[in-house]
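Visitor: I would like to learn how to read a fold feature by feature. Could you walk me through this one?

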Amino acid sequence: MSNIRDDLARATQAFARPTLNLLRRPSGPLVVAVLTCAFGGQRTRIPADRFHAQVQGLLEEVALHGHEIPDTPSRELVRTWVREQWLSLAPTGEDGEEEYALTSHTQDAMEQVSRLSGQRVLLGESRIRTILEVARRCALEATQDRDVRVQRLDEQIRHLTLERDRLLAGGEVEHASREQMLGEYLNLEDLLSALPGDFLRVSEEVRRIHREIVGDFRAETRPSGDVLDDYLRRAEEMLTESMSGRAFAGAVELVRDEATARALGSDLTSILDHDFAADLSSEQRSALRTTLETIAEGIELVLEQRRRLSASLRSHILRHDPLRDRELDDALRAAADALTGWVATAGPRATLDLDLPVPAARIAITTLRTRLHDPADDASPPPLREHVDTPAASSSLEQLKRWGGPDFERLRAALTGGREDGVTGTGELFDELPDDLRRPADLMGLLHLAVSAAGGDPDTSPGATVYTTTRPDGVVHRFRGPDLTFATPEQEIETPA
């Protein structure tokens, strides 16, 4: 019989994963494009409010190009992506601000889209050479025959010695062509593109262990020591049994080994100095140049998740006392049972002595409720009084204008006439104005005209004076202000716009 049953089960399981669920959705291209644009530039986390606004802006930009977008608000749409496990949402920092981050499923989907839409060497020379070198290295590690291992090592030493002697004798240094370097680069890019997904999978595994360990603490089905031992065992197995964990452990060793890290940085610089790098996009060159930073950020992402787990466990262990909680539950349950029977027979102002299983000296109660609920507190407010609308007396246009702003036309005429009559300051001119032109608003208008059109300068005014104003209702106000001096009468006075 064939293996169709097992193959179908594996395919069904794969299609149920969030990665393929995202890729086969009709809206999959839009989701992948939005998340790729939002989390570009080596960004791993985005605050929730900023991300909602960013997604809304990206969707509106897509709509301007004629593409169909969902009618759902951006906040609700992003929450749907969280439920589909395409994004993770968790509080960070002391203020508890929530931030979004990509999941490993979305990272895999984005890598798959990038791989299918970009350049790919299927059977290039570099790909075949890489296969041969990896197969030879694996075979050397797998063989248990001492003679075979020595023979393979002798072949490598002989080949490297010949090449070294040729170069020392003045032989020509073979320079790889642009096509060869492009193939080698694509092989390297495939390897590097898998690292962010590996780091995210390790971080998600730490988060899953966190939830299960905290659940075990709260369930109190096992001693705390056993739960902690289980946590330490699972944390160690996570770095040794899974491929993602081993990739993370290898990245940690790389970062800790300064010589290896410097050698890798030098190798990457040499690759970028080759002529073929001119054909790469700025994003590809930047990604290759910042490989070490990307690895360090992925390690920090996992370590931060582990620090949160350790802090959560430490806080839970210090604050949680199962024995004290159980005693409190028993005491509250006994009090509830006693009160249930007492309420049925007790009269007003009756008292009850509770025989609790916990000594009273161990219960520290600072404040009890001293006032019971009064139904009168929930009474409706008194009804509103009936209000009879009386039509207000209509005002004429002249009456309304009296309460309006400065009358610039009349003030301009008065200012021009006063200057022609020899008036040199605003204090003297304001005292000569009629009563209906001596309102506080007209005073502000006069000072404005004196500065903007008559050459008055508050900084050079000889002194101050008291302006007596009269409101339309007869109320008198006095203001102390500068007595502005006018310029020559020939200067034109304009009404401000």
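Visitor: Let me start with a strand residue. Which residue is the bridge partner of Tyr467 in S5?

Guide: Tyr467 is bridged to Phe479 in S5. Keep in mind as we go that this is a predicted model. Strand S4 (residues 464–470) pairs with strand S5 (residues 476–482) in the antiparallel sense, over seven bridges. Five residues lie between the strands of this hairpin, and Gly474 takes a positive phi near 95° there.

Visitor: How should I think about side chains along a strand, and what is the case for Arg478: buried or exposed?

Guide: The general idea is that side chains in a regular strand alternate between the two faces of the sheet. Now take Arg478, which is found in strand S5. Its relative accessible area is 61%, so Arg478 counts as exposed, the cut-off being over 50%. Leaving aside neighbours within four places in sequence, Arg478 is in contact with Val466, Tyr467 and Thr468. The C-alpha atoms of Arg478 and Thr468 are separated by 4.5 Å, although these residues are 10 apart along the chain.

Visitor: Let's turn to helices. What describes the way two of them pack?

Guide: Two packed helices are described by the angle between their axes and the distance between the axes. Here, helix H4 (residues 48–64) packs with helix H5 (residues 74–83) at an angle of about 105°, and their axes are 9 Å apart. Angles of 65 to 115 degrees count as roughly perpendicular, so that is the description for H4 and H5.

Visitor: Which residues of H4 and H5 meet?

Guide: From H4 come Asp49, Phe51, His52, Val55, Gln56 and Leu59; from H5 come Ser74, Arg75, Leu77, Val78, Arg79 and Trp81. By class, this contact of H4 with H5 has six nonpolar, three polar and three charged residues.

Visitor: What about nonpolar cores? Which residues have the most contacts inside the largest one?

Guide: In soluble globular proteins, nonpolar side chains tend to be buried together. The largest nonpolar core in this model has 25 residues, and those with the most contacts inside it are Leu35, Phe39, Phe51, Trp81 and Leu87. Two or more residues each come from helix H3 (28–38), H4, H5, strand S3 (97–102) and helix H6 (104–117). H3 gives the largest share, six residues. Not counting residues up to four places away in sequence, Trp81 touches Val31, Val34, Leu35, Val55, Trp86 and Leu87. There is also a second, separate core of 22 residues, which includes Leu239, Ala251, Ile295 and Leu309.

Visitor: Histidines interest me too. Why does His105 count as buried?

Guide: Its relative accessibility is 12%, and buried means under 20%, so His105 qualifies. His105 lies in helix H6. Apart from neighbours within four places in sequence, His105 is in contact with Arg17, Pro18, Thr19, Gln85 and Glu204.

Visitor: And where does His274 lie?

Guide: His274 lies in the loop between helix H12 (258–273) and helix H13 (282–289). With a relative accessible area of 11%, His274 is buried. Leaving out residues up to four places away in sequence, His274 touches His175, Ala176, Ser177, Arg178 and Met181.

Visitor: To finish, how many helices and strands are there in the protein?

Guide: The protein has 19 helices and five strands. Of its 497 residues, 27% are buried. Among contacts between residues at least 6 apart in sequence, 63% join residues at least 24 apart.

Notes. Residues are numbered from 1 along each chain as its sequence is written. This is a predicted model: local features need pLDDT of at least 70, side-chain atom pairs count only at pLDDT 80 or more; totals for chains, interfaces and linings use all residues. Side-chain values use heavy atoms; hydrogens and water are left out. Helices (H or I, at least four residues) and strands (E, at least two) are DSSP runs, numbered from the N terminus. Buried means under 20% relative accessible area, exposed over 50%, partly exposed in between (1.4 Å probe, protein chains only). Contact means heavy atoms within 4.5 Å. Axes are lines fitted to C-alpha atoms, for helices over the stretch in contact, and angles run from 0 to 180 degrees between N-to-C directions. Angles under 35 degrees count as roughly parallel, over 145 as roughly antiparallel, 65 to 115 as roughly perpendicular and the rest as oblique. Ala, Val, Leu, Ile, Met, Phe, Trp, Tyr, Cys and Pro count as nonpolar, Asp, Glu, Lys and Arg as charged, and the others, Gly among them, as polar. Two strands pair if DSSP finds at least two bridges between them. A nonpolar core is a set of buried Ala, Val, Leu, Ile, Met, Phe, Trp, Tyr and Cys residues joined through side-chain atoms within 4.5 Å.
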